Amino acid sequence: MMTIASESVGLHLSGQDSAVDLQHVAESSQSQPEQATADDDGAQDFLSDSGFDSGSLLGNETDTLASSILNHRMENGRQYHAYRDGAYWGPNDEKAKEILDFAHHMYLLTLDQKLHLAPIANPQNILDCGTGTGIWAIDMADQYPSATVLGTDLSPIQPEWVPPNCHFEIDDVSLDWTFPPNHFDFVHIRELFGCIPDWDFFFAQAFEHTKPGGWIEIVEHSVCPTSDDGTMGRNHFYHTWGKVVCEMGERFGKSFTIWEESAERIRRAGFVDVQTVEFKWPMNGWPTDKKAKNIGRWNQLRLMDGVEGFMLRLLTQVGGWSVARAQLHLAQMRKELKSYRTHAYLPGTVVYGRKPFSA
Ligand SMILES: C[S@@+](CC[C@H](N)C(=O)[O-])C[C@H]1O[C@@H](n2cnc3c(N)ncnc32)[C@H](O)[C@@H]1O
């Protein structure tokens, strides 16, 4: 059996006019691999050693679709998604999933266990763009049992057992959305920094597919550590770190600065009643305040284990650095994360806004 939820995972091709049931393609590809090998390019991709799919993603051949979605690319010891190969900077292996779940825990600590700040009431349709492990979508489905929660992602890394009102689809959210217009009561975006080439186009899609009176919420943090008390000197490595991440994002064509732009951008898209709530994630447990210290401890752990996944592909593939140089850079970051003299943090924002009732 496939390890993918039969009821809850579908394939939804943005820009295409059909949705394909992933269970069908998965069974098809699993049950006939040898036949597929001999017959077509798509199936050869499925069995290829390279770990990625060079065949068309857009054809009608179900085995090609299956291979595109279920395969992966191995790169410098880490596993990456294959559907829209190269579109996302982060790995999708077990280690990367654990880091995403650490971040989910940190957001719950930050927001005092709330899953969102937008004042949604009786939501029926909820969308989580770039859902990752689906942990937020699953929690939302539990919290709102009468709502249908849909999580979309490039990677099929969501768990098999999920609440019956939670579903996942493989989809590229940066393309045209094929959902019905005026459909979602709530559209949620969290940590899609470095993922979206054109945020204005993205928010225009979100606006069109949100119900009049429905809400959007964007939760993002900066990648540039900063400090308020002068303990992070002008030449501190954290400045280099932030500068390098932002430069890589620019070169990649997907910036990491959305945390400070989202309020303005969703206003431009037409959302109203826009609110911004700021937060700070300390780089380690340096604060004395109990809540901030706890978040800092988690952030230190998340970053110590996570920086390789955050940066290895960007540094080597986008920046052209050697793996050795990249690893040195990551080692320097891990060293700084152990210093409690530097009172640095990552600023972040939760931004939410409403689609006008009259829209
Ligand atoms: C940093 S993770 C955040 C995951 C999740 N939102 C969370 O907060 O736990 C970014 C996720 O976005 C997904 N992603 C990146 N680009 C995407 C795209 N164009 N369409 C759909 N998902 C995308 C990645 O596969 C990854 O799972």
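## Exercises around strand β12

In this predicted model, start with one pair: Ser 227 has Ala 344 of β12 as its bridge partner.

**Exercise 1. Work out which strands pair with β12, in which sense, and over how many bridges.**

Solution.
- Step 1: Ser 227 belongs to β10 (residues 226-227), so begin there; β10 and β12 run antiparallel and are joined by two bridges.
- Step 2: Move on to β9 (residues 210-221), which pairs with β12 in the antiparallel sense over seven bridges. To find your place, look at Val 219, whose bridge partner in β12 is Val 350.
- Step 3: Now take β11 (residues 272-282), again antiparallel to β12, with nine bridges between them. Here Pro 282 has Tyr 345 of β12 as its bridge partner.

**Exercise 2. Decide whether β12 is largely enclosed or not, using its count of buried residues.**

Solution.
- Step 1: Go along residues 344-354, the eleven residues of β12, and count those with 20 or more other C-beta atoms within 10 Å of their own.
- Step 2: Nine pass, so the rest of the structure largely encloses the strand.
- Step 3: For background, 47% of the protein's 359 residues count as buried.

**Exercise 3. Find the buried residues of helix α9 (residues 262-269), say how they sit around the axis, and say what covers them.**

Solution.
- Step 1: Pick out the buried positions: Ser 262, Ile 266 and Ala 269.
- Step 2: Look down the axis of α9; these buried residues fall within an arc of 55°, so they line one face of the helix. The spacing rule helps here: an α-helix has 3.6 residues a turn, so residues three or four places apart point the same way.
- Step 3: Check the cover, which includes α7 (199-209) along with β9, β11 and our old friend β12.
- Step 4: Step off the end of α9 and you hit Gly 270, with a positive phi near 120°.

**Exercise 4. Describe the shell around the ligand: which residues come nearest, which elements contribute, and what classes turn up?**

Solution.
- Step 1: The shell has 24 residues, and Gly 130, Gly 132, Arg 190, Glu 191 and Cys 195 come nearest to the ligand.
- Step 2: Sort by element; those giving two or more residues are α5 (94-110), α6 (135-143) and β6 (148-153). The largest share, three residues, is from α5.
- Step 3: Sort by class, and you get ten nonpolar, nine polar and five charged residues.

Conventions: Residues numbered from 1 in each chain as written. Predicted model: local features only at pLDDT ≥ 70, side-chain atom pairs only at ≥ 80, totals over all residues. Buried ≥ 20, exposed ≤ 12 C-beta atoms within 10 Å, placed from the backbone. Near = placed C-beta within 6 Å. Helix = DSSP H or I, 4+ residues; strand = E, 2+ residues; numbered from the N terminus. Nonpolar A, V, L, I, M, F, W, Y, C, P; charged D, E, K, R; others polar. Pairing = 2+ DSSP bridges. Arc of directions from axis to C-beta. Contact = placed C-beta atoms within 7 Å.
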